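These notebook entries record what I looked up, one topic at a time. I begin at the surface and then turn to the interior and the charged pairs.

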Amino acid sequence: MTEQTQRPSLYQLFKQALRGDVQHDFTKGSIGIAAFLLAVPMVLEMAMESIFAIVDIFFVASLGFEAVAVVGLTEAVLTILYAVAIGLSMGITALIARRIGEGNPKKANQVAGQALWVGMLVSMLVAFVGLIYSQDILRLMGADEKVLAVGADYTLVMLCGSITILYLFLINAIFRGAGDASVAMRSLWLANGLNIVLDPLLIYGIGPFPEMGVTGAAVATTIGRGVGVLYQLYHLRGHASRIKVGLAELKPQLEVMLGLIKVSIGGILQFLIATASWVALVRIVSTYGSAAVAGYTIAIRVVIFTILPAWGMSNAVATLVGQNLGAGKPDRAEQSVWRIARYNLYFMLSVAVVFILFAEFIIGLFSTDPAVIRDGVNCLRFVAYGYGFYGIGMIVVQAFNGAGDTMTPTRINFLCYWMLQIPLAYSLAKYAGLGTNGVFMAITIAESLLAVVGIWYFRRGHWKTKTV
């Protein structure tokens, strides 16, 4: 029997990817099969994460653009938390993937246990800030009194429930680094399913549930994520996972925690730079009124809906790069990057065509206000023009992170976001008289340049020699 006939069918691979009941060695055999088994659950995982954003905005939109503005302004602040969570996730994935690739699951378990302590400490700090300063944060972001009256409690709940956000990111990073992507996927399915059910019940007060308005969206999201975290913790005990965290792994180990933070610091800075830029963009847009913020928020939520599945493919790259470098196979790691980059390019270009052709219809699903629709349509189209660059760029940049080389993307982000995007957005909006369109144009230019620079750095190959 030939090798070709021995290979499982696409349907069999799809079932295996979803079930995760076969522990595949991602450092051997077909790169295509390895990429498929990792990418399918990771894409579906990120699709579920993106649905969090789109579902909330869908239900909240009927409450008026002030409520949408609350979600948008709070989300802009939460992107800083996401930056910390994603940065830590990069370090976690890189370290665990290396240890698994080296055949050292004991060390991988230790990293997982200490990651829980790091997440707990960060979430306590965020909750304290939210409890004391939630209204001040909204004012700082440009919220007027109407927006404050509607949404102060929304911001309070989201910040105080930050542990659910952090743990979803960090624990799923543990599973992804180990190659147990299906467990991460199912935790997001559970969390998102509960959010979809609870959102209308708590926002509108259906049946015995209280009518909480926009605050109900925050409560629903926090409950959904919290249940997802409980599911993750169950599997961290070793149920259907390569990782097993017990009392020994939970004993605080300062050296391991500091090692994790050291690897993660570049990722944290990388995304803090990126998200601080997004916060600055929201602040510029807010000078054109709440309707402009609402339009921008809706468009960006729709963009996130497609970007996060693409991030799922880039997460697969991080795992493949980390495990193959750990196994001493840098050439196989590079081949994996280019293979998945091609898949991601096809996906992103397809989405771009849909956004450009049907932008008015898509934004119209969320609002009937002409001003909101105008800014939302313009934002969606401008961002879509750069999707081809994003498709390849996000893959090669994530390859650096999978290798543990988080500082290279940090330097690229600093150049493209702080040195280019923010000043360009302000100049085009204010001095060139383009208004919000100037902001949207700056996004496309900066993100496209980031992809070009990232590809150039990646081809130099220094990431192959990174040790963690």
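**Entry 1: one residue at the surface**

I began with Leu-121, which counts as exposed because its relative accessibility is 53% and the mark for exposed is over 50%. I note that the model is a predicted one. I located Leu-121 in helix 5.

I then asked which residues form a nonpolar patch on the surface. The members are Trp-117, Met-120, Leu-121, Met-124, Leu-247 and Leu-250. Together they have about 610 Å² of accessible area. I looked up where these residues come from: helix 5, which spans 105–140, and helix 10, which spans 247–250, each supply at least two of them. Helix 5 gives the largest share, with four residues.

**Entry 2: another residue of helix 5**

I stayed on helix 5 and looked up Ser-134, which is also placed there. Is Ser-134 buried or exposed? Its relative accessibility is 8%, so I recorded Ser-134 as buried. Helix 5 therefore holds both an exposed residue, Leu-121, and a buried one, Ser-134.

I next listed what Ser-134 touches, leaving aside neighbours within four places in sequence. The contacts are Val-129, Ala-152, Thr-155 and Leu-156. I also looked up a distance: the C-alpha atoms of Ser-134 and Tyr-154 are separated by 9.0 Å, and the two residues are 20 residues apart along the chain.

**Entry 3: the nonpolar cores**

I turned to the interior. The largest nonpolar core has 151 residues. Which of them touch the most other members? I noted Ile-96, Ile-243, Tyr-296, Val-321, Leu-380 and Tyr-387.

I followed up Tyr-387 from that list. Neighbours within four places in sequence aside, Tyr-387 is in contact with Val-303, Thr-306, Ile-307, Met-348, Val-351, Ala-352 and Phe-355. I also found a second, separate core of five residues, among them Leu-201, Leu-202, Val-219 and Ala-220.

**Entry 4: three more buried residues**

I looked up Gly-72 in helix 4, which covers residues 65–101. Gly-72 counts as buried because its relative accessibility is 8%. The C-alpha atoms of Gly-72 and Thr-297 are separated by 5.2 Å, although these residues are 225 residues apart along the chain.

I then went to Asn-344 in helix 13, residues 330–364. Its relative accessibility is 0%, so Asn-344 counts as buried. Not counting residues up to four places away in sequence, Asn-344 touches Ala-310, Met-313, Gly-391, Met-394 and Ile-395.

The third residue was Ser-448, placed in helix 17, which covers residues 436–460. With 12% relative accessibility, Ser-448 is buried, since buried means under 20%. What lies 2.8 Å from a polar atom of the Ser-448 side chain? I found the backbone oxygen of Thr-444 there. Beyond its neighbours within four places in sequence, Ser-448 is in contact with Gly-386, Phe-389 and Tyr-390.

**Entry 5: salt bridges**

I asked how many salt bridges the model contains. The count comes to six, and I looked up several of them in detail.

In one of them, the side chains of Arg-242 and Asp-180 meet at 2.8 Å, N to O. The pair links distant parts of the chain, 62 residues apart. Arg-242 is in the loop between helix 9 (214–235) and helix 10, and Asp-180 is in the loop between helix 7 (162–178) and helix 8 (181–204). Arg-242 is buried because its relative accessible area is 17%. Asp-180 is buried too, with a relative accessible area of 5%.

I then examined Asp-331 and Lys-464, whose side chains meet in a salt bridge at 3.8 Å, N to O. Asp-331 lies in helix 13 and Lys-464 in the segment after helix 17, so the pair ties together parts that are 133 residues apart in sequence. Lys-464 is partly exposed, with a relative accessible area of 27%. I noted further that Asp-331, Glu-334 and Lys-464 are linked in a network of salt bridges.

Finally, I looked up Asp-375, which forms a salt bridge with Arg-374; the closest N and O atoms are 3.6 Å apart. Asp-375 has 4% relative accessibility and therefore counts as buried.

Note on methods: Residues are numbered from 1 along each chain as its sequence is written. This is a predicted model: local features need pLDDT of at least 70, side-chain atom pairs count only at pLDDT 80 or more; totals for chains, interfaces and linings use all residues. Side-chain values use heavy atoms; hydrogens and water are left out. Patches are made of residues with over 30% relative accessible area and no salt bridge: like charges are joined within 9 Å, nonpolar side chains (Val, Leu, Ile, Met, Phe, Trp, Tyr) within 5 Å. Accessible areas come from the Shrake-Rupley method with a 1.4 Å probe; for residues, only the protein chains shown count as cover. A salt bridge is a side-chain nitrogen of Lys or Arg within 4 Å of a carboxyl oxygen of Asp or Glu. Helices (H or I, at least four residues) and strands (E, at least two) are DSSP runs, numbered from the N terminus. Buried means under 20% relative accessible area, exposed over 50%, partly exposed in between (1.4 Å probe, protein chains only). A polar contact is a pair of N or O atoms within 3.5 Å; within protein, one must be able to donate a hydrogen and the other to accept it, and residues adjacent in sequence count only if both atoms are side-chain atoms. Contact means heavy atoms within 4.5 Å. A nonpolar core is a set of buried Ala, Val, Leu, Ile, Met, Phe, Trp, Tyr and Cys residues joined through side-chain atoms within 4.5 Å.
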